[in-house]
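Ready for a few warm-up exercises? Take a look at the model shown here, then work through the tasks at your own pace.

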Amino acid sequence: MKKLLALFIILTIFTSVMSGCYPQSSNETLNVPVTSNSQDGSNSLSSQPYTSLLTPLSSITTPMTSPITSTVSTTTPKTVQTSETGTNSPKTKYDLTISVDGSGTTNPNIGLVTYDEGSVVNVTATPASGWKFYMWIGDASGSDATISLRMDGKKDITAVFWTGNRFTSNAALSGLMAANSVADAQQSLQSFVSQYGLTMEITNIIPSSYSKTYSTYSLLTDNDLQTLKTYGTLFIDEWSKYPIDWVTNSKVKSIAIVKKLGVNTTAPAVAAFPDIVGETMYYDDTYSGDYAREVIHHEFDHLVTFNIFNTWAPVDSIWLSFNPPGFSYGAGGASAYQSNNSSLSGEHPTSGFVTGYATTAIEEDKAETYAYLMTTTYYHHLQNWLFSDTDLTNKVNYYKQFISKYSPEMSGNYFDEINP
Ligand SMILES: [Zn+2]
């Protein structure tokens with residue numbers, strides 16, 4: 001019996017660790033050999049309690065408001081001596097710093113201008129040819145190209161322009177197509193992920209203790225070049241949907257592309273694996289199509305969640321409140337809704353869930369919902385369901401709010417724009 005119990009404990013630990021890929025009951029305790037890397041203090045957002053990051057939907061009235069807005073306004077004003085008045089009375093002035101993201105201009109020009117306290121400044125953003133104005137972020141918000149700012153403090157604003165596929169690098173894609181070796185292809189993929197500050201590891205993977213313990217894989221050889229080109233194109237297509245800040249706030253540091261990716265003892269083959277210690281996303285280049293696209297986002301969501309909340313499945317009563325009455329996650333759970341959730345499969349099997357897989361655990365529900373927002377084919381399925389599924393609508397709006405806290409650019413029409 002003891003042997004059986006030990007086996008059970010070992011299996012529980014392994015399956016808990018891999019809850020990122022395989023559904024487990026959402027209330028399991030996770031025992032992972034995580035180091036301090038996920039709470040290194042470099043991202044102040046990560047140290048905030050979960051509830052403070054998420055505003056209940058009922059209290060949200062201006063979803064476009066950038067979270068950065070509230071961080072300024074306490075700056076000490078600088079005083080200057082006015083010469084023309086002939087007196088020494090100081091006049092308060094504030095700096096306005098204008099930046100752009102993407103390609104376009106502003107009026108006043110990009111840079112720093114100082115204004116008297118209380119003055120109202122009109123700023124207009126004009127996209128470069130082939131680009132569109134998308135939105136203001138920083139101490140301004142909204143998608144009107146011209147905004148009026150009242151100078152009641154120091155302000156930093158950024159005009160965001162985009163092409164619809166603004167993070168795609170044509171040079172990286174053409175370089176990938178022309179590559180004569182895996183090393184060449186790696187170089188092109190590196191040039192793409194460099195914009196996110198990431199390292200691309202293909203020929204030279206340096207595994208963390210975590211990936212050594214829990215994953216198995218083989219390195220690509222030049223015989224795998226064509227597969228890598230195909231997968232690399234798909235990877236760029238999907239990953240380029242991510243604004244820089246979303247990736248930066250996720251704390252991921254590298255992308256590893258391998259073959260024969262598996263998880264020790266629990267799954268001989270997986271399409272992706274989030275390494276929460278090495279901060280590396282592992283992707284298997286033999287997968288293709290919408291499944292491969294969806295998994296890229298699904299597993300990345302697990303990494304983001306872990307790095308923000310230090311757990312795969314943070315307690316989230318708001319999310320749970322969107323589930324149908326009596327619903328419990330997990331196959332065979334004490335569910336009044338279904339005696340065995342494993343009978344739920346395929347897409348949108350019931351109200352509130354994008355897939356049957358999403359009914360297996362709260363973290364899978366979130367990862368699936370996120371992946372459906374990011375994967376174009378599935379995004380359009382999702383849009384159709386939202387017309388009549390208020391549970392799912394609540395989850396989608398709530399998750400969009402969560403995402404936009406970390407990436408102001410991923411708000412407004414963002415998901416429509418990336419999923420034409
Ligand atoms: Zn998963």
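The exercises below go from the whole chain to a pair of helices and then to a single residue; the model is predicted.

**Exercise 1: the whole chain**

Find out how many helices and strands the protein chain has, and what share of its residues is buried.

Solution. Start with the elements: the protein chain has 13 helices and 13 strands. Next, turn to burial: 39% of the 420 residues count as buried. Finally, consider the contacts with a separation of 6 or more: 68% of them are between residues 24 or more positions apart.

**Exercise 2: two helices**

Decide whether α4 and α6 are roughly parallel or roughly antiparallel to each other.

Solution. Begin with the axes: those of α4 (residues 182–193) and α6 (residues 225–239) come within 10 Å and cross at roughly 5 degrees. Angles under 35 degrees count as roughly parallel, so α4 and α6 are roughly parallel to each other. Now see who makes the contact: α4 contributes Val182, Ala185, Leu189 and Phe192, while α6 contributes Leu225, Leu228, Lys229, Gly232 and Ile236. Sorted by character, the residues of this contact are seven nonpolar, one polar and one charged.

**Exercise 3: one residue**

Locate Tyr357 and work out whether Tyr357 is buried or exposed.

Solution. First, find the place: Tyr357 lies in the loop between α9 (317–321) and α10 (362–374). Then count neighbours: 20 other C-beta atoms are within 10 Å of Tyr357. A residue with 20 or more counts as buried, so Tyr357 is buried. As a last step, look at Gly330: Gly330 and Tyr357 are 27 residues apart in sequence, and their C-alpha atoms are 9.4 Å apart in space.

Key: Residues are numbered from 1 along each chain as its sequence is written. This is a predicted model: local features need pLDDT of at least 70, side-chain atom pairs count only at pLDDT 80 or more; totals for chains, interfaces and linings use all residues. Axes are lines fitted to C-alpha atoms, for helices over the stretch in contact, and angles run from 0 to 180 degrees between N-to-C directions. Helices (H or I, at least four residues) and strands (E, at least two) are DSSP runs, numbered from the N terminus. Angles under 35 degrees count as roughly parallel, over 145 as roughly antiparallel, 65 to 115 as roughly perpendicular and the rest as oblique. Two residues are in contact if their C-beta atoms, placed from the backbone, lie within 7 Å. Ala, Val, Leu, Ile, Met, Phe, Trp, Tyr, Cys and Pro count as nonpolar, Asp, Glu, Lys and Arg as charged, and the others, Gly among them, as polar. A residue is buried if 20 or more other C-beta atoms lie within 10 Å of its own, exposed if 12 or fewer, and partly exposed in between; C-beta atoms are placed from the backbone.
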